Amino acid sequence: PGWLLSPAARPYLSSILHRNQRRVFGLLERPALPPNLAVPFVTYKLFLHGKSGVGKTALVASLAGTPVPPVHHETLGRCGGGPPTAPPVSHGGDGPSVCPPSPGIEVTTVYWPAKARASGRPIMFQLQFWD
């Protein structure tokens with residue numbers, strides 16, 4: 001079997017699993033490992049672009065271990081359809097700023113442990129899927 005299924009990989013794999021299912025990490029969270037098992041994190045941003053309804057969101061949900069939506073719905077972004085850090089849209093006056101639903105980008109982070117062939121040391125991939 002591959003390294004991921006070996007006993008040496010068990011602590012790395014258990015850091016991303018909860019009850020044998022992939023753990024969903026928040027924006028500022030990452031897998032916790034004991035100091036003696038600390039590994040470098042390698043971050044990749046993967047931008048998924050394509051026609052509506054072809055399965056981009058379903059692919060990300062499958063890789064992240066979250067339920068795949070049973071029916072198609074348009075991906076809704078953050079405030080005003082801008083990037084995740086876009087401020088709320090103000091419509092003038094003294095009323096509150098609102099975030100209207102609009103087509104945009106959702107960012108899903110998936111952690112994946114691996115062992116580099118060249119160095120033989122474990123690493124943790126942080127894959128940010130921009131859907």
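**A sheet, a helix and two cores**

P122 sits in strand β5, which covers residues 122-130. The structure shown here is a predicted model, and this residue makes a handy way in. P122 has a relative accessible area of 18%, and anything under 20% counts as buried, so P122 is buried. Its contacts reach well beyond its own stretch of chain: leaving out residues up to four places away in sequence, P122 touches W3, Y12, V39, P40, A114 and K115. A9 makes the point in another way, since P122 and A9 are 113 residues apart in sequence, yet their C-alpha atoms are 8.3 Å apart in space.

Stepping back to the whole chain, there are two helices and five strands. Going along the sequence, they come in the pattern α-β-β-β-α-β-β. Of the 131 residues, 24% count as buried. The chain exposes about 9,000 Å², and carbon and sulfur atoms supply 60% of that area. Links across the sequence turn up in the contact count too: among contacts between residues at least 6 apart in sequence, 54% join residues at least 24 apart.

Now for the sheet. Strands of a sheet pair through backbone hydrogen bonds, and they can do so in a parallel or an antiparallel way. Here, three strands form an open sheet in the order β3-β5-β4, with mixed pairing. β3 (41-47) and β4 are at the edges with a single partner strand each, so one side of each has no neighbour in the sheet. From one strand to the next, the twist averages 20°. β4 and β5 run antiparallel and are joined by nine bridges. Two of the partners in β5 can be picked out by name: F129 is the bridge partner of T108, and W130 is the bridge partner of V107. β4 and β5 also make a hairpin, with six residues between the strands, where G120 takes a positive phi near 75°.

Next comes helix α2, which spans residues 56-64 and has K56, V60, A61 and A64 as its buried residues. Looking down the axis of α2, these buried residues fall within an arc of 135°, so they line one face of the helix. The cover over them includes β2 (21-22), β4 (107-115) and β5. Just past the end of α2, G65 takes a positive phi of about 80°.

What about the inside? In soluble globular proteins, nonpolar side chains tend to be buried together. In this model, the largest nonpolar core has eight residues, namely W3, A9, Y12, I16, F25, V39, Y111 and M124. Apart from that core lies another, of five residues, including V60, A64, L127 and F129. Some residues met earlier come back here: V60 and A64 are among the buried residues of α2, while F129 is the bridge partner of T108.

M124, a member of the eight-residue core, has a long list of contacts. Setting aside neighbours within four places in sequence, M124 is in contact with Y12, S15, I16, P31, L33, V39, P40, F41, V42, Y111, W112 and P113. P122 brings the story back to where it began, with W3, Y12 and V39 among the residues that P122 touches, and those three residues are listed in the largest nonpolar core.

Note on methods:
Residues are numbered from 1 along each chain as its sequence is written. This is a predicted model: local features need pLDDT of at least 70, side-chain atom pairs count only at pLDDT 80 or more; totals for chains, interfaces and linings use all residues. Side-chain values use heavy atoms; hydrogens and water are left out. Helices (H or I, at least four residues) and strands (E, at least two) are DSSP runs, numbered from the N terminus. Buried means under 20% relative accessible area, exposed over 50%, partly exposed in between (1.4 Å probe, protein chains only). Contact means heavy atoms within 4.5 Å. The arc is that of the directions from the helix axis to the C-beta atoms. Two strands pair if DSSP finds at least two bridges between them. Axes are lines fitted to C-alpha atoms, for helices over the stretch in contact, and angles run from 0 to 180 degrees between N-to-C directions. A nonpolar core is a set of buried Ala, Val, Leu, Ile, Met, Phe, Trp, Tyr and Cys residues joined through side-chain atoms within 4.5 Å. Accessible areas come from the Shrake-Rupley method with a 1.4 Å probe; for residues, only the protein chains shown count as cover.
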